[in-house]
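Here are a few exercises for getting to know a new structure. Try each task yourself before you read its solution.

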Amino acid sequence: MPELKLALELLLCKVIVTITSKIGEVRTLSSLPVVNIQAFVLPNIDAASSEQAALFDRAAFLERVRTLADQR
């Protein structure tokens, strides 16, 4: 979190991307919109192995970040 605090002070940010467990902490530091990257990780039901691989919905993620950034 110290790195995030420093980045928010030094950089022009419009959106913060984080994981579910860090959203509360991020919101205490900033009022910027938050995108939960884990929401875009989808199970791969076509995975052949017993260990399911995950798929990342890159297009949806980028669209969400872009939409939020454009609103600011």
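**Exercise 1.** Take the contacts in the protein chain between residues at least 6 apart in sequence, and find what share of them join residues at least 24 apart.

*Solution.* Keep in mind that this is a predicted model. Start with the contacts whose partners are at least 6 apart in sequence, then pick out those that join residues at least 24 apart: they make up 29%.

**Exercise 2.** Describe the order of helices and strands along the protein chain.

*Solution.* Begin by counting: the protein chain has three helices and four strands. Next, walk along the sequence, and the pattern α-β-α-β-β-β-α appears.

**Exercise 3.** Compare the radius of gyration of the protein chain with that of a compact globule of 72 residues.

*Solution.* First take the reference value, which is near 11 Å for a compact globule of 72 residues. Then set the protein chain beside it, with its 15 Å. Now look at the extents: the C-alpha trace spans about 45 × 25 × 15 Å along its principal axes. Finally, turn to burial, where 24% of the 72 residues count as buried.

**Exercise 4.** Work out where S30 lies and whether S30 is buried or exposed.

*Solution.* Locate the residue first: S30 sits in the loop that runs between α2 (23-29) and β2 (34-36). Buried means under 20% relative accessible area. S30 has 15% relative accessibility, so S30 counts as buried. Now look for its partners. Setting aside residues up to four places away in sequence, S30 touches L8 and I16. A polar atom of the S30 side chain also lies 3.0 Å from the backbone nitrogen of L32.

**Exercise 5.** Do the same for N36: name its strand, decide whether N36 is buried or exposed, and list its contacts.

*Solution.* N36 belongs to strand β2. Its relative accessibility is 19%, and therefore N36 counts as buried. Apart from neighbours within four places in sequence, N36 is in contact with T18, I19, T20 and I23. The side chain of N36 also has a polar atom 3.0 Å from the backbone nitrogen of Q38.

**Exercise 6.** What do the surface and the charges of the protein chain look like in numbers?

*Solution.* Start with the area: the protein chain exposes about 5400 Å², and carbon and sulfur atoms supply 56% of it. Then count charges, 8 positive and 8 negative. Average the positions of each kind, and the two means turn out to be 9 Å apart.

Methods: Residues are numbered from 1 along each chain as its sequence is written. This is a predicted model: local features need pLDDT of at least 70, side-chain atom pairs count only at pLDDT 80 or more; totals for chains, interfaces and linings use all residues. Side-chain values use heavy atoms; hydrogens and water are left out. Helices (H or I, at least four residues) and strands (E, at least two) are DSSP runs, numbered from the N terminus. Buried means under 20% relative accessible area, exposed over 50%, partly exposed in between (1.4 Å probe, protein chains only). A polar contact is a pair of N or O atoms within 3.5 Å; within protein, one must be able to donate a hydrogen and the other to accept it, and residues adjacent in sequence count only if both atoms are side-chain atoms. Contact means heavy atoms within 4.5 Å. The radius of gyration is taken over C-alpha atoms; the globule rule is 2.2 Å times the number of residues to the power 0.38. Accessible areas come from the Shrake-Rupley method with a 1.4 Å probe; for residues, only the protein chains shown count as cover. Lys and Arg count as positive and Asp and Glu as negative; His and the chain ends are not counted. The place of a charge is taken as NZ of Lys, CZ of Arg, CG of Asp or CD of Glu.
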